[in-house]
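This report looks at selected local features of one protein model. The sequence and coordinates come first, and the commentary follows.

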Amino acid sequence: MWRLKRCRGGSHRVFVRLLIPNLLFLLLPLLVGGVIYYKTLHEMEKEVTASNMNVLQQSRDILDRRLSEISSIAIQLVNDTRIMQFQHIREPFQGSNINRIWDTRKSIQNYSLTNNFIFNYFVIFKNSELVFTENTTYELLEFYNTFRYIGLDTDSWKHMILGAYQQRKMLPSQQVLVNANVYSLLTYIHSLGYPGYPQGAVVITVDNREVQKLMGGLDLSGGGWAYIIDENGKIISSTASDAPISWIQNANLKGKQGSMLQQMDQQQMRVTYTTSSYNGWTYLVAQPEHIVLKKVLYIKNIIFTLALIFLALGLLIAYLIAYRNSRPLRTIMETIMERMDGKPDTGPDAYRFIKESVSRLIDNNHELQDKMKKHAPYLQAALFERLLKGDFLSAKDTSVLLQHVGIKAQGSFYAVAIVQLRGYEGGFDPSSLEELDMKRVMIKEILRKELQVNLYWHDVAEDQIALLFAFESISSESGLSYLREALPSISEFIHTQINVLTRFAVGGIYEELLHISRSYEESRLTLQYLTWRNQNGIAHYEELPRENNGYFYPSDLEMRLSNLAMAGELEAIETVLHELHQINFEERRLSVPMLQLFMNEMVGTVVKLLPQVSLNDARLVERLKQLSTEMTSYEGLEKNYKSLGQIYHQVCSFVNDHKKSQNVQLLENIVSLLQEAFADPDICLDSVAEQMGISKGYLSQFFKEQMGINFSDYLEDLRMTLAKELLAETDLPVFEIAVRVGYSSSNTFCRAFKRINGVSTSAFRGSKAI
């Protein structure tokens, strides 16, 4: 009962302590509301300016990219050899020039499909007075009657385009009459010929509506306006016709971008602008200041309303929060008191009680960690022994486990060496064991001081120490060179300092931690060799004598060589051939008869390989027969081995060419099938993959790599192209058009049409009927 009362008393104090700050917090809304109100004006101006700046920058970036694409298209057309040759023709309809007209028109592609900003484009030739469009060829006057700039007669229009040499010039938006419809278009001109001698021009027109859409995110209500001005102060595009043009032309804009307040027509306007680094155009928006502050007034009302609501509900919320927050603390206190073995006194301060309890817990944890540190050497020895024996399977797990016990074996290359202390071959007794313990400690200290590499050791026997070297060098040769230089002096230094002879048996150097066990095994074999020869000093595994009574060509290596050839992996084949040559011709120094057997095996591998890759070349077979006969000397065998490498090169080239030809044929079959059957509603990725005999995953990836477009997008483009033709040229109902282009539902077709083209089917048909 006493414990329960003390617990409840402590809980009550916790509740009160949490409630008071919440009550004090109720006084903050009034102060915060006033501060927020006075700060909001400035912040909202910054927000609107930042929002406008963001829209302007996005519009600038998008338009820069589109203009760059248009410039690239124009340059591509200007540099087309057929267009360059045609500009000198004066009599286009005489002789073979008629064929040149047709041939030149082939170079004019439908670029508007890839750039929705392009309204249309055409190429004008000054000498022949012909105009080439993407669809047909016009004489100059005939084209002017179908594409007329309002306010310009024929001569003025011709002078505007052909009067002077112009390069990447964009004219401001103008009203253009196209087939009885009036459009606002920007005109891009890139002349043919040379400066001073214009021979024609590539003209690309841009729909001004697309440009104006870019600035659709700006709030231009209440008399706001937005303009795009070129580097000469000319208005390229605008959203309003009543803006103060004189101010725009005389505006003193500071820097590449910014914002400022200006007095215009007796009202304050917030002007935001940014300048393109691509073409020097300035994107500018002006808004009345009361529009900018519209949100501020709205927020003011909200702030005062929320302040009143907050004051009304604050007490209730403070009470609930305090109660809710005190529950975890009460639970913690009760849990601690239950575990205190009959010591329930919490004192007057619950927080202090919890703090002292947690401090005791931390102290106990530190004590446990100290005990673990004392046992760390035993853990290190166990893990090190597992590493030497090759018990680890994952390099990542190996590194994590070693670091966990304090072994940071970090390096590019690794090698293991065993140090044996001589003079204890006769056995051990208590005094010799004590002496060995002391000498091992002294040797480890010498190695730590003298060797300038990352070094770790492990006692593998009473008189043997395994050394793990972690080299940070860029090659295994540099690490091996370091050991050859350092170990002899270390051995001599040990003999001088502690009067003991040593053997250093060094294994191979490898790049991965998992190969340390291999290096350790090699060092053991090296130590056995030194023991057998009764030698002291240093020996490396690669210095041990090798057996050379047989050639090296295991069956798994033969299978790997064949698989690499069937895959066309020439670089990997060259690596394997180099390895085989180094082992059989250089390291083992086999006799001529033994090399003949090795070469016959190699030739047999190629003979078995040829049918597998379907390579029926009589000359190649004859060449293999010659290899089998010319093997009477080392020089002939070396020459034949090089010829064998050339044959593998030929096989890989054949395999890769065969792959490419298969890819070309497969792509042609897929495209042909889609163009013929795209109107079938059942045609899809699965059905095409089944007809081609490949998986749908491979088909999707293959089509994207070869065509640069997704399979579904390509199929949809084919259907939409036909759909637009039927909508524009026929009176067929929409549901019938949907069926004809491959859609089973008219609703699905209409949604897809609007998503891709930006307009509904009825709006598209209506625009074509005007």
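The text below covers a strand and its neighbours, two helices, and a set of salt bridges. The model is predicted.

**Strand β8 and its partners**

Strand β8 covers residues 225-229, and 5 of its 5 residues are buried, so the strand is largely enclosed by the rest of the structure. The enclosure applies to both faces of β8: Trp 225, Tyr 227 and Ile 229 are buried on one side, and Ala 226 and Ile 228 are buried on the other.

β8 pairs with strand β12 (residues 282-288) in the antiparallel sense, over 5 bridges. Within this pairing, Trp 225 stands opposite Ala 286 of β12. β8 also runs antiparallel to strand β9 (residues 235-238), to which 3 bridges join it. Here Tyr 227 has Ser 238 of β9 as its bridge partner. The hairpin formed by β8 and β9 has 5 residues between the strands, and in it Gly 233 takes a positive phi near 85°.

**Helices α17 and α18**

Helix α17 (residues 570-587) contains 18 residues, which at 1.5 Å a residue should span 26 Å; the end C-alpha atoms are 24 Å apart, so the two values agree. Its buried residues are Ile 573, Val 576, Leu 577, Leu 580, His 581, Ile 583, Asn 584 and Phe 585.

Helix α18 (residues 592-612) has 21 residues, and the distance from its first C-alpha to its last is 31 Å, close to the 30 Å expected at 1.5 Å a residue. Which residues of α18 are buried? They are Val 592, Leu 595, Phe 598, Met 599, Met 602, Val 603, Thr 605, Val 606, Leu 609 and Leu 610. These buried residues lie on the same side of α18, because they cover an arc of only 150° around the axis. A general point applies here: an α-helix has 3.6 residues a turn, so residues three or four places apart point the same way. The other side of α18 carries the exposed residues Pro 593, Lys 608 and Pro 611. After α18 comes Ser 614, with a positive phi near 60°.

**Salt bridges**

How many salt bridges does the structure hold? The count is 16. Three of them are listed here with their N to O distances.

| Basic residue | Acidic residue | Distance, N to O |
|---|---|---|
| Arg 60 | Asp 61 | 3.2 Å |
| Arg 82 | Asp 80 | 3.6 Å |
| Arg 448 | Glu 445 | 2.3 Å |

In the pair of Arg 60 and Asp 61, Arg 60 has a relative accessible area of 15% and is therefore buried, whereas Asp 61, at 32%, is partly exposed. For the pair of Arg 82 and Asp 80, Asp 80 counts as buried at 17% relative accessibility, and Arg 82 is partly exposed with a relative accessible area of 27%.

The third pair lies within one helix: Arg 448 and Glu 445 both belong to α13 (residues 430-450) and are 3 residues apart, about one turn of the helix. Arg 448 is partly exposed, with a relative accessible area of 49%, and Glu 445 is partly exposed as well, at 31%. In addition, salt bridges that share partners join Asp 437, Arg 440, Lys 444, Asp 459 and Glu 462 into one network.

Methods. Residues numbered from 1 in each chain as written. Predicted model: local features only at pLDDT ≥ 70, side-chain atom pairs only at ≥ 80, totals over all residues. Heavy atoms only, no water. Buried < 20%, exposed > 50% of the residue type's maximum accessible area, 1.4 Å probe, protein only. Helix = DSSP H or I, 4+ residues; strand = E, 2+ residues; numbered from the N terminus. Pairing = 2+ DSSP bridges. Expected span 1.5 Å × (residues − 1). Arc of directions from axis to C-beta. Salt bridge = Lys/Arg side-chain N within 4 Å of Asp/Glu carboxyl O.
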